[in-house]
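Colleague: Before I use this model, I want the reasoning behind its labels. Can we go through them together?

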Amino acid sequence: MTDTPKPTDRDLADCDAGAASALLSWQDAQAIGLGLAHPVSGMDHVPLATATGRVTADATRSPVPLPPFDNSAMDGFALRTADLIGPPPWSLPVAGRVAAGEAGMPLPPGTCLRILTGAAVPEGADCIVMQEHVTRLDDTILLETRPAPGLNIRRQAEDLPKGGVVLPKGRVIGPREAAVLAASGWARVPVHRRVRVALFCSGSELRDPGDPLAPGQIWNSNRYLLAAALASPWIDLHDMGAVPDNPAKLAATLVAAAQNADMVISTGGMADGDEDHMPRLLRDAGGQVDALRVAIKPGKPVGLGRLGDALYVGLPGNPVAAFVTWTCLGAPILRALAGFAQPGLTFDRVRLSDGLDRRPGRSEFRPAQLLGPGADGLDRVRLMTASFSARIALLAQADGLALIPAEATELPEGALIDFLPF
């Protein structure tokens, strides 16, 4: 797998110099956006029960070793190997029983103790013999094979020493993270505050699903596409709906959105048409705007900038172009704002199922379908149609986005390419 690059000083200098009209690679555009993003200030200490999906704001360390004491890895019998004298078989009386959660008793010399999985190893015992490996005769066991010292014992601190890092800063809390936090006793977890995001879609033709459509109108897919993409516990979303292509209304919405947001996202109005107002309106409101013409297909017109304390991401209006540019540019910037340790994209390496001829110039993120692994174990992908920037139904049939390099003129069957799974 390959990771996207980090921003460089040269990237940021080019941006500041006003290279908005230059055709940038998507990697350079992403680097510029990441350079604008700094993790939000403010930390919450939330109960572990409600911390799922939040981003750790500090490294957490374990106040105890894990496991906290030597314990049995299975049901069996605890014994002292030195008590097995002479040739086999050996006979040991069962002197008691130890279950998980009990303090237990020291092991009397020349005996064994029945022990259950997770129970503390009794003082004096140096191994646990599986119950399947002994013969039980009333209150006595018979062994045919000498066990090794340490057999079936989980040692104190073998998982994590006391003071060891449980989770680093910038980690999203999921099932695995919640488990280790609980095991190390973290009842409340330090997390970054939620990132406040304001979203609106520009376009006089847009109506919400369920509303009747007049001639020339369409239902607003971008609103629900992005609302779903932003439905995460670390995001506080303010969905402002659709705004007509009226400069005064768009300007008022833009200013209102930026007042309490860490990021403002809009769709539409980023190209050079008569109704494409967003770059000018952002400047008129006192904002910084880099109307980036990105060498990416679909989605060449993208806006990255700032208005007040809010970052601004202006996406194209075509739904697949909005999805691609959000995925490749907007989402990594938002993850950086949220404090993710690794906000960039991670690709899988796959092989093309069929050859491809194309015109070079822009990197292409084409919807593709997985066909399963080939003889070498790598997944094969089938590229979908090359004309797709507005085909949202086609996007729903894809398994991910295949990245075709900007310079590629032809790729043979079996060529290795990057693939971004959904």
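Modeller: Start with Cys-127. Its relative accessibility is 0%. Buried means under 20%, so Cys-127 counts as buried. Keep in mind that this is a predicted model.

Colleague: How do you know that Cys-127 is too far from the closest cysteine sulfur for a bond?

Modeller: The closest cysteine sulfur belongs to Cys-112, and it is 10 Å from the sulfur of Cys-127. A disulfide needs the two sulfur atoms within 2.5 Å. At 10 Å the pair is too far apart for a bond.

Colleague: What about Cys-201, and which cysteine sulfur is nearest to it?

Modeller: That of Cys-328, 19 Å away. Cys-201 is in no disulfide. Cys-201 also counts as buried, because its relative accessibility is 0%.

Colleague: How many disulfides does the rule give?

Modeller: The count comes to zero.

Colleague: Now the aromatics. How many aromatic pairs does a search of the whole structure find?

Modeller: Four. Take Trp-26 and Phe-347 as one of them.

Colleague: Why is the pair of Trp-26 and Phe-347 called edge-to-face?

Modeller: The ring centres are 6.1 Å apart. The limit for a pair is 6.5 Å. The planes stand at 65°, and over 60 degrees counts as edge-to-face. So the pair is edge-to-face.

Colleague: What makes this pair a tie between parts of the chain?

Modeller: Trp-26 lies in helix H2, residues 26–36. Phe-347 lies in strand E24, residues 346–352. Those parts are 321 residues apart in sequence, so the pair ties them together.

Colleague: Are these two rings' residues buried or exposed?

Modeller: Trp-26 has 3% relative accessibility, so it counts as buried. Phe-347 has 2%, so Phe-347 counts as buried too.

Colleague: And what is the geometry of Trp-26 with Phe-365?

Modeller: Their ring centres lie 5.3 Å apart and their planes are at 80°. That angle is over 60 degrees, so this pair is edge-to-face as well. The link again spans distant parts of the chain: Trp-26 is in helix H2, and Phe-365 is in strand E26 (residues 363–373), 339 residues apart. Phe-365 counts as buried, because its relative accessibility is 0%.

Colleague: Which residues make up the cluster linked by ring pairs?

Modeller: Trp-26, Phe-347 and Phe-365.

Colleague: What makes H2 mostly covered?

Modeller: Eight of its eleven residues are buried. Trp-26, Ala-29 and Gln-30 are among them, including also Ala-31, Ile-32 and Gly-33. Leu-34 and Leu-36 are on the list as well.

Colleague: How do you know that the charged end of Arg-114 sits over the ring of Phe-77?

Modeller: The charged end is 5.4 Å from the ring centre. The distance limit is 6 Å, and the charge must also be within 35 degrees of the ring normal. Arg-114 is listed as sitting over the ring of Phe-77.

Colleague: On to the sheet. What is the strand order, and why is E9 called an edge strand?

Modeller: Six strands form an open sheet in the order E9-E6-E8-E7-E11-E10, with mixed pairing. Strands E9 (127–130) and E10 (135–137) are the edge strands; each pairs on one side only. The twist averages 40° from one strand to the next.

Colleague: What makes E10 and E11 a pair?

Modeller: Two strands pair when at least two bridges join them. E10 and E11 have three, in the antiparallel sense. Arg-136 stands opposite Ile-141 in E11.

Colleague: Now the backbone. Which residues that are not glycine have a positive phi?

Modeller: Asn-152 is one, with phi of about 60°. Asn-152 lies in the loop between strands E11 (140–143) and E12 (153–154). Ala-157 is another, at about 70°. Ala-157 is in the loop between E12 and strand E13 (165–167).

Colleague: Why is Asn-152 called buried, and how does Ala-157 count?

Modeller: The cut-off is 20%. Asn-152 has 18% relative accessibility, so it counts as buried. Ala-157 has 27%, so Ala-157 counts as partly exposed.

Colleague: Last point. Where are the cis peptide bonds?

Modeller: One runs from Leu-66 to Pro-67, with omega near -10°. Another joins Pro-88 and Pro-89, with omega about 0°. Pro-67 is in the loop between strands E4 (60–61) and E5 (71–72). Pro-89 lies in the loop between strands E6 (76–79) and E7 (90–98).

Note on methods:
Residues are numbered from 1 along each chain as its sequence is written. This is a predicted model: local features need pLDDT of at least 70, side-chain atom pairs count only at pLDDT 80 or more; totals for chains, interfaces and linings use all residues. Side-chain values use heavy atoms; hydrogens and water are left out. Helices (H or I, at least four residues) and strands (E, at least two) are DSSP runs, numbered from the N terminus. Buried means under 20% relative accessible area, exposed over 50%, partly exposed in between (1.4 Å probe, protein chains only). Axes are lines fitted to C-alpha atoms, for helices over the stretch in contact, and angles run from 0 to 180 degrees between N-to-C directions. Rings of Phe, Tyr and Trp (its six-membered ring) pair if their centres lie within 6.5 Å; planes under 30 degrees apart count as stacked, over 60 as edge-to-face and the rest as tilted.
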